[in-house]
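Me: I have a chain open and want to go through its packing. Can you take my questions one at a time?
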Amino acid sequence: VYAVGLPEGAELSALYAMDGQGTRVPLELWAEPGERFFQAEVGSLFGSDINPALFQVVPDLAVDTWLTLGSDTIADGLSLSSTSGFDESDVDFTTQGGNLTVADGAVFATRCGSPALVVPADGEILLGQVTTPGNFGGTLNLQYLEGGVDRTGGGCEIIGKGEPTVVRNMDFSVQCETADVPYPPPPPPESTPPPSQDHKKRSETCQEMAPIPGDGAHDGCVATLACNVALERVSGDDERGVTWRVYVTGLPVDSELSALYAVADGPKSTAPLSLWSDARFYQSPYGAFLGSDIPSNLPPSIEVGRDSWLTLAVDSNAAGVKLNTVGIDSGRFEQAGGNLSSADGAIFGLRGTHKGALVVGNDGRALVAQVTTTSERWGGSLNLQYLTGGIDPA
C-alpha cells in the first residue's frame, strides 16, 4: 500500500489516529468477514524492523503483514516509535491477524531519522504490506512536513523550520477507491525529552579494578570498570570470540529506565556513547542492533545468542518492549562489527509502553549491552538515564 502524489523532498512524520479536540480520525485495516491477515510467527508490526536475511530460513516472513513509513527492511536504518494508544490496539492484529482499529495514537519517526522518510521524485511512499485471501481495506492517516530535509552534504539539515504540517486522511479498499480529505493537523506526537543536562553531577567518577571471572583463558585478566558496572561472561571461547553481558548495578529498586544516550554541548561531545574493540564485534546475520528487536521464537537452527547489541534491560522481543533510536549511526557496528561511536543521540523507551520490563528489580541492576569479540581488549562508554520516581505497574 503506497501513498502517491506526495511532494518530492517532503519528510514523513507519522501514521496517526486522533479522537479529541472535536476531531475523530481513526486508523483502520480490515479484512472481509471471516478472513484474517497473515502474520508470520517471527514477524513485526513495522516493516522497518524485519531482517531480510531471515527470508531464506523463514520464507513466511516475506509475506508478513505490517505498517511502515517508507521502509520495508532494517537495512534503511529506520527506527519507528508508537504511542501507548496504538500499542494497546495492535495485539489482536499482530498476534492473530485480526482487524486493526486505533482510535487515538501514532506510529512516528524522529526528524532526520532515515533517508527512507524523504519522498522521492516519483512521489510514492510505502505505508504497509498486507497478506489476506479476501477483500481488504482501511484508513491510513499520514502526516508529513513539506519543508523536508537536505541530505546532500552528508548530514541532515532541516529545511523550512516553520513550515506547516500537512496531513492526508486516505480511505482505500481493493477497489482502489481513494479520497484526499483535508483535516486540521493533529498535535505532534509526544516524544521523549532530551537527557537531563545535569548528567555531569550525577555521573559516577570512581573506578574499580575487577578480576575477569575465571574461565581458564582469562585467569589473571583484570577489567577497569566504573563502580556501577558489572561484566558477566556468558559463553565459551570459539572462532567468534567470547560473549559478555554488560550491566549497570546499584540502581534504585522500582526506578524506571529511560535511555542510553550521548550528549554534545558543543562540537566536542561531553558524554559520548561508544563501544570499541581491538578486533571486530561478532554480528549474527539474523541479529539486530537492539536486543529488544531480536525475535524470541526463531527456529533452533537460527543462532543469534552470540550477537552483539545494545538494549535497556531486555534481550528479545518476548517482553513486548519497543525501543527506539535517534541520532545513533549503528551501520558500521551492526553490519560489519566495527566500533560504535555517537556524539549526540539516544536509545530510549516511551513511558507506559513497556509493560513493566524497564522497571528495576530487587537486584538493582539493568542489562545495557551484549558483546562478542575475539579481542582481549575492548571497552566503551555507556550513559544511562533513569527516573527515580518510577511507575505503578497496577
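Me: Which residues is Leu15 in contact with, leaving aside its neighbours within four places in sequence?
Reply: This is a predicted model. In it, Leu15 is in contact with Leu27, Leu67, Thr68, Leu69, Gly105, Ala106, Val107, Leu127, Leu140, Asn141 and Leu142, not counting neighbours within four places in sequence.
Me: And which residues have the most contacts inside the largest nonpolar core?
Reply: Leu12, Leu15, Leu27, Leu69, Leu127 and Leu142. That core has 33 residues.
Me: Which strands each supply at least two residues of it?
Reply: S2 (11-20), S4 (27-31), S7 (100-102), S11 (136-145) and S14 (165-173). The largest share, four residues, comes from S11.
Me: What does the second core include?
Reply: Val246, Leu310, Ile347 and Ala366 are among its residues. It is separate and has 31 residues.
Me: Switching to Ser79. Where does it lie?
Reply: In the loop between strand S5 (66-67) and strand S6 (81-82).
Me: Does it count as buried or exposed?
Reply: Buried, because its relative accessibility is 12% and the cut-off for buried is under 20%.
Me: What is it in contact with, neighbours within four places aside?
Reply: Ser79 is in contact with Phe108, Ala109, Leu323, Asn324 and Thr325. For Thr325, the backbone nitrogen lies 3.0 Å from a polar atom of the Ser79 side chain.
Me: Now the whole chain. How many helices and strands?
Reply: Four helices and 28 strands. Of the 394 residues, 48% count as buried.
Me: What about the accessible surface?
Reply: About 18,300 Å², with 50% belonging to carbon and sulfur atoms.

How values were computed: Residues are numbered from 1 along each chain as its sequence is written. This is a predicted model: local features need pLDDT of at least 70, side-chain atom pairs count only at pLDDT 80 or more; totals for chains, interfaces and linings use all residues. Side-chain values use heavy atoms; hydrogens and water are left out. Buried means under 20% relative accessible area, exposed over 50%, partly exposed in between (1.4 Å probe, protein chains only). A polar contact is a pair of N or O atoms within 3.5 Å; within protein, one must be able to donate a hydrogen and the other to accept it, and residues adjacent in sequence count only if both atoms are side-chain atoms. Contact means heavy atoms within 4.5 Å. Accessible areas come from the Shrake-Rupley method with a 1.4 Å probe; for residues, only the protein chains shown count as cover. A nonpolar core is a set of buried Ala, Val, Leu, Ile, Met, Phe, Trp, Tyr and Cys residues joined through side-chain atoms within 4.5 Å.
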